[in-house]
Amino acid sequence: MVVPGLWCGVRLHATPVSMSLYLTELVLSHFRSHKRVQLGVDARPVVLFGANGAGKTNILEAVSMLSPGRGLRRSSAEEMTRRPEALGWKLRGGLVSLGQGHEVETWSENGAARQVRIDGKTASQVALGRIARVLWLVPAMDRLWIEAADGRRRFLDRMVLSFDPGHAEAALAYDKAMRERNRLIRDEVRDPAWYAALEAQMAEAGHRMHTGRVRALALVQEAQDQAETAFPAARLTLVQTEGAMPETEPDLRDALADSRARDMAAGRALVGPHRTDLQGVYAAKDVHAKDCSTGEQKALLVSLILANARALADRIGAPPLLLLDEVSAHLDMQRRAALYDEVCALGAQAWMTGTGAELFGELRDRARGFEVTDSGGASAVMERDLG
Amino acid sequence: MSSTRDIDALIEMMAKLPGLGPRSARRAVLHLIRKRALLLTPLADLMQTVAVTARECRRCGNVGTADICDFCTSEKRATGEICVVEDVADLWAMERAGAFKGRYHVLGGTLSALDAVGPEDLRIPQLLDRVMDENVSEVILALNATVDGQTTAHYIADQLEGRVRLTSLAQGVPIGGELDYLDDGTISAALRARKDV
């Protein structure tokens with residue numbers, strides 16, 4: 001039997017297999033560059049290496065599609081289909097979640113919305129979120145701290161979603177009610193009762209979103225504070241683009257009502273959780289994350305992902321699946337080795353990519369290695385030793 | 001000219017019905033042709049009749065074959081309670097349960113600024129008139145637990161506040177449901193709506 005953590009020499013902190021979350025098999029059919037690929041894995045981390053454009057990140061994206069949402073690239077179902085066939089795509093995963101085996105299938109035909117089946121039964125994406133918690137770090141997030149706030153909000157909401165799969169419903173309900181209200185504003189509708197009705201919906205969903213974010217941030221902060229890690233801790237706070245976020249549902253409802261005239265002038269809602277930003281400070285140096293070096297910014301992100309995983313392990317009993325795309329970029333050798341040790345100690349099945357096997361040499365037999373190549377217009381995957 | 005043109009057209013038409021695709025429409029049409037006397041001819045006659053006689057009740061918006069539906073004319077239904085539903089399918093669902101003995105009001109949709117459906121496009125003004133005219137003691141808002149449904153419920157509640165008792169359907173654990181399988185929102189709603197035992 002495969003025991004996560006056994007290869008790390010730090011078994012003390014590893015998650016027992018009966019309480020872990022990992023894929024045993026992943027099958028990709030007509031997904032992006034992959035015509036048909038079947039990967040048999042165990043609870044150990046998985047390393048995918050190969051040249052640029054070989055299809056490594058596509059495999060990570062496939063794993064991310066086993067959780068709710070649009071995956072790590074935020075693509076539409078149609079964009080994921082393999083060309084030129086354009087037949088639609090299908091993914092199948094054998095998943096062990098807290099000691100129970102599940103077969104998860106998700107697919108899309110003719111660009112239609114993706115479907116989900118768990119153990120042969122049609123299921124919702126929220127149901128998927130309950131058995132498969134997935135966190136990811138991709139190169140596009142390297143500029144997270146210096147780019148626009150919506151990227152940080154998505155990062156934050158992904159953290160919240162990992163603790164509370166119901167967060168997606170609150171966010172969707174809030175977004176729907178806000179778009180309805182924005183349309184009223186643009187159409188210059190003057191019916192106060194209609195505004196009030198929509199603001200009540202926004203307040204109810206928006207308050208749920210905000211409390212979920214505050215709670216998730218506290219859990220991640222606590223996990224960071226308690227960890228002995230090679231990665232720098234970030235001090236995280238939620239800030240509003242202007243003013244303060246109303247703390248209660250009635251306060252948010254009142255703030256939206258008070259802001260109606262201003263919102264009409266601006267053409268959109270100026271108050272609410274859609275105006276929240278995540279601010280990070282490199283705690284040891286007391287420097288804003290946006291002012292840190294590229295390497296430090298990356299280290300902060302890795303630190304947060306690991307803290308999120310630890311907090312989740314404490315809360316639900318298993319660390320999530322981690323997808324770390326090109327994770328070694330911007331990390332020096334010491335930090336890279338520390339990352340691998342921490343992933344193993346956590347007992348997380350981390351799916352990592354890089355251009356060469358040598359980047360993962362420190363893992364040796366603690367991980368499964370696969371080389372991804374482009375073979376005549378389709379990606380091919382072969383198992384390789386990392387040592 | 002194809003010898004199956006009419007049948008193909010019928011299949012195409014049937015495939016547009018909710019719940020039917022091309023394959024099930026073909027099966028249904030084949031079945032109707034095989035049972036011509038028993039099903040096809042009576043069905044065609046009935047469809048022709050309903051096409052002429054079906055109309056919306058002028059008072060509540062229910063579908064029937066008279067200007068005022070049976071619910072609105074029945075004295076037994078004059079309990080002072082009006083149940084507001086989104087569409088006729090919801091009214092039928094309530095009737096299937098057999099638990100409600102009052103009258104209905106069918107809105108014909110929900111408020112949606114994005115779909116350009118405003119209060120005047122729904123039967124909300126008629127509802128306000130009925131509350132004034134029909135000696136109504138309670139309005140039960142039986143609208144879907146969606147953003148549009150709840151926005152509409154909130155809007156109606158605002159219009160009727162202080163004029164009549166307003167209630168809405170409870171939200172929570174379904175009969176036969178197991179807590180472990182419920183989503184967080186439903187469990188929270190059920191907890192908020194808990195009652196003494």
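Buried means under 20% relative accessible area, exposed over 50%, and partly exposed in between, using a 1.4 Å probe and protein chains only. That scale comes up throughout this look at the structure.

This is a predicted model, so local features need pLDDT of at least 70 and side-chain atom pairs count only at pLDDT 80 or more, while totals for chains, interfaces and linings use all residues. Residues are numbered from 1 along each chain as its sequence is written, chains are lettered from A and ligands numbered from 1 in the order in which they are written, and side-chain values use heavy atoms, with hydrogens and water left out.

**Chain A overall**

Chain A carries nine helices and 15 strands; helices (H or I, at least four residues) and strands (E, at least two) are DSSP runs numbered from the N terminus. Its C-alpha trace spans about 65 × 50 × 35 Å along the principal axes. The radius of gyration of chain A is 22 Å, which agrees with the value near 21 Å for a compact globule of 387 residues. That radius is taken over C-alpha atoms, and the globule rule is 2.2 Å times the number of residues to the power 0.38.

Of the 387 residues in chain A, 57% are buried. Taking contacts (heavy atoms within 4.5 Å) with a separation of 6 or more, 70% in chain A join residues 24 or more positions apart.

**Backbone oddities**

Two residues that are not glycines have a positive phi, and here they are side by side.

| Residue | Phi | Loop | Relative accessibility |
|---|---|---|---|
| D119(A) | about 50 degrees | between β6 (115-118) and β7 (121-122) of chain A | 41%, partly exposed |
| A116(B) | about 55 degrees | between β4 (103-106) and α6 (124-133) of chain B | 62%, exposed |

There's a cis peptide bond to look at too: the one from R83(A) to P84(A), with omega near 5 degrees. P84(A) sits in the loop between α1 (56-64) and β4 (89-97) of chain A.

**Cysteines**

How many disulfides are there over all chains? With a disulfide taken as a pair of cysteine sulfur atoms within 2.5 Å, the count is zero. C72(B), for one, is in no disulfide, and the nearest cysteine sulfur, that of C60(B), is 3.7 Å away. Is C72(B) buried or exposed? It counts as buried, at 3% relative accessibility. Over in chain A, C344(A) is buried, with a relative accessible area of 3%.
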